[in-house]
Every structure is written in structure tokens, then in C-alpha cells.
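Visitor: Please pick one part of this protein and go through it closely. I would like to know where it sits, what it touches and how it is tied to the rest.

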Amino acid sequence: MTPAPEDRLTHASVHRHCDDGHVKRVFLSSVSQEYGLSRPVLKHRFRAVHIDLRVQEDFADRASPYGTLVRIHQFIEMADMVVHVIGSHSPHSISQAEYAELFGVLPHVRDWFAETGLLAAVEAAEIGYSHFEAYLALHLNKPLVIVRRGRGTQQIHERRLQDLGRHINGTFSQPDELIDIAIRALIDEANLGRDRHQQRSAVVSRQRSLVTITLLAATFVLALGFHLSALGAGTSSLVSFCALAVCVFGLHMAAMSDQLMLRFRLRTSACN
């Protein structure tokens with residue numbers, strides 16, 4: 001099927017802002033009872049904009065050595081983003097047998113649930129599939145977009161997310177809106193990633209500059225000391241000390257030049 005004009009625009013946006021050579025992988029965390037009929041259509045439309053969308057049913061046990069939870073963990077671990085939908089239906093509870101398999105294969109997941117205080121809810125069967133998928137994204141440090149349809153009826157789950165420092169990122173009314181939500185989030189994440197890379201590059205560049213300046217300063221001080229010693233100057237030590245102090249002062253000024261006010265830099269450099 002030929003993508004609609006708005007899909008072609010979105011497709012171009014994905015490639016322009018966040019194309020890094022691979023298909024973007026997004027996991028849609030939603031309740032089957034509420035979105036089961038919409039998922040095939042959403043997967044097709046996501047595919048049209050170069051996004052591999054996966055849902056829980058894609059990881060149902062089909063002669064796999066592991067069950068659904070382990071396979072979901074494997075996908076989210078390599079996914080680019082998780083979109084978590086909080087709707088009007090609560091998810092089905094996860095059996096203790098499934099948890100036992102997951103924790104047996106990946107004990108660090110159980111440790112994280114224990115550290116965050118969620119293990120008691122797991123053992124009481126209070127956490128459903130979509131809840132677990134959102135927590136798993138947090139555990140794996142994956143970009144997580146939390147959206148609510150309408151008012152939502154999962155206040156306990158929302159409070160748990162708030163306790164973990166996460167809040168609702170937006171609301172929607174129709175499933176098709178999830179495409180735009182995911183696209184905007186992927187673009188934001190790509191821009192954030194580029195900003196982080198530029199900041200790291202700037203820090204590395206500044207560190208290299210400081211190392212170069214330090215070596216040049218040390219070379220200058222040593223050369224000056226040897227020169228004055230060769231001339232038999234009695235004040236060579238004092239001159240060398242003054243030269244070194246000037247160099248250290250300059251290094252302090254250069255190290256703080258990108259963020260701090262001039263008056264603060266002058267005072268701090270002089271004191272040091």
C-alpha cells in the first residue's frame with residue numbers, strides 16, 4: 001500500500017533527523033484487550049515510516065527455549081524506544097512461573113525490582129504485562145515515552161512510575177496518533193544524542209588543549225631555568241617560580257573559560 005502524504009512526510013522526517021543506518025526498533029507496550037485490533041494496522045503504518053514496531057504477541061512462546069518475558073527483555077534490550085500506553089483497561093497479570101523463568105535466566109532483573117521496591121508487587125501478582133514492559137525499559141535505561149488515553153484508570157501504576165521519577169509525557173485519543181508521538185520522540189532522542197556527542201567532543205578537545213598548554217608551559221619554565229642557571233643568575237629560582245605561577249594562572253583561566261564568569265575565574269585562579 002502506498003503511504004499517505006502525511007506518512008511520506010513523516011518517513012522523510014525520520015531519515016532526516018534520526019537515520020543512522022538501521023531500522024528503528026520500537027516496542028509498543030499496551031493492553032491487548034484495548035488495542036489488540038489496532039496493532040496490525042499500527043505495525044503496517046509504522047513499517048511504512050521505516051520503524052520496526054513490536055508488541056507482546058510477537059514474543060509469545062513458539063517452540064522457543066525461553067518464554068514471553070525473556071524474549072520481550074531481549075528485544076527491549078536492543079530497541080531504540082518503548083512507547084507505554086496507559087489506557088482504561090488493566091493488563092493481565094503475569095504468572096509466578098513466568099517470573100521464575102525470567103529471574104532464573106536474568107537474575108539482575110529481580111535485583112532491580114528488589115532495589116526499586118517493586119518486588120513485593122511482583123510477588124503479589126499486582127504487575128501486569130504492560131506495567132512490566134515499562135519497568136523493564138527503565139531497568140535497561142531505554143528511552144520510555146509514557147502516554148495516556150483519556151483519563152486512564154491505573155492510578156497505582158502511575159504512582160509507581162512517579163516514584164521512579166517518571167511522569168505522563170502526553171495524552172492521545174486515537175491509536176493513529178501513536179505514530180506521530182513515536183516519531184517526535186525518536187527525533188528528540190536523536191537530537192539529544194547528537195548534543196551529548198558534541199558535548200563529549202568539546203570536553204575531549206578542551207582536555208587535549210589543556211594538556212598541550214601544560215606541556216608547553218613546563219617546557220618554557222624548564223628552558224628558562226636552565227638558561228638563567230647557565231648565566232649564573234642568582235635570581236633564577238625566583239624568576240622560574242614567577243614564570244610557573246603565571247603559567248598555572250593561565251591554565252586555570254583556560255580551564256574555566258567556557259562556563260564561568262570572568263570575575264570568578266580571576267579570583268579562583270589567583271587563589272590557587
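Guide: What follows starts with one loop and then moves outward from it.

This is a predicted model, in which local features need pLDDT of at least 70 and side-chain atom pairs count only at pLDDT 80 or more, while totals for chains, interfaces and linings use all residues. Residues are numbered from 1 along each chain as its sequence is written, and side-chain values use heavy atoms, with hydrogens and water left out.

The part is the loop between β2 (51-54) and α4, where Gln56 has its place. Helices (H or I, at least four residues) and strands (E, at least two) are DSSP runs, numbered from the N terminus. Gln56 has a relative accessible area of 17%, so it is buried. Buried means under 20% relative accessible area, exposed over 50%, and partly exposed in between (1.4 Å probe, protein chains only). Setting aside neighbours within four places in sequence, Gln56 is in contact with Phe27, Ser32, Thr68, Ile72, Tyr129 and Glu133. Contact here means heavy atoms within 4.5 Å.

One of these partners, Ser32, belongs to helix α2 (residues 32-35). Ser32 is partly exposed at 27%. With the neighbours within four places left out again, Ser32 is in contact with Arg39, Gln56 and Glu57. Ser32 and Glu57 are 25 residues apart along the chain, and 8.5 Å separates their C-alpha atoms.

Glu57 also pairs with Arg39. Side chains of opposite charge can pair when their charged atoms come close. Here the two side chains meet in a salt bridge, 2.4 Å from N to O. Glu57 lies in the loop between β2 and α4 and Arg39 in helix α3 (residues 39-48), so the bridge ties together parts that are 18 residues apart in sequence. Arg39 is buried, at 4%, whereas Glu57 is partly exposed, at 33%.

A salt bridge is a side-chain nitrogen of Lys or Arg within 4 Å of a carboxyl oxygen of Asp or Glu. By this rule the count comes to 6 salt bridges. Among them is the one between Glu126 and Arg160, whose closest N and O atoms are 2.7 Å apart. This pair links the loop between α7 and α8, where Glu126 is, to helix α9 (residues 155-163), which holds Arg160, 34 residues apart. Glu126 is partly exposed, at 45%, and Arg160 is buried, at 16%.

Back at the loop, the helix that follows is α4. The axes of α4 (residues 68-78) and α5 (residues 96-105) come within 8 Å and cross at roughly 45°. The two helices are therefore oblique to each other. From α4, Thr68, Leu69 and Val70 make the contact; from α5, Glu98, Tyr99, Glu101 and Leu102 do. These residues divide into 4 nonpolar, 1 polar and 2 charged. Axes are lines fitted to C-alpha atoms, for helices over the stretch in contact, and angles run from 0 to 180 degrees between N-to-C directions. Angles under 35 degrees count as roughly parallel, over 145 as roughly antiparallel, 65 to 115 as roughly perpendicular and the rest as oblique. Ala, Val, Leu, Ile, Met, Phe, Trp, Tyr, Cys and Pro count as nonpolar, Asp, Glu, Lys and Arg as charged, and the others, Gly among them, as polar.
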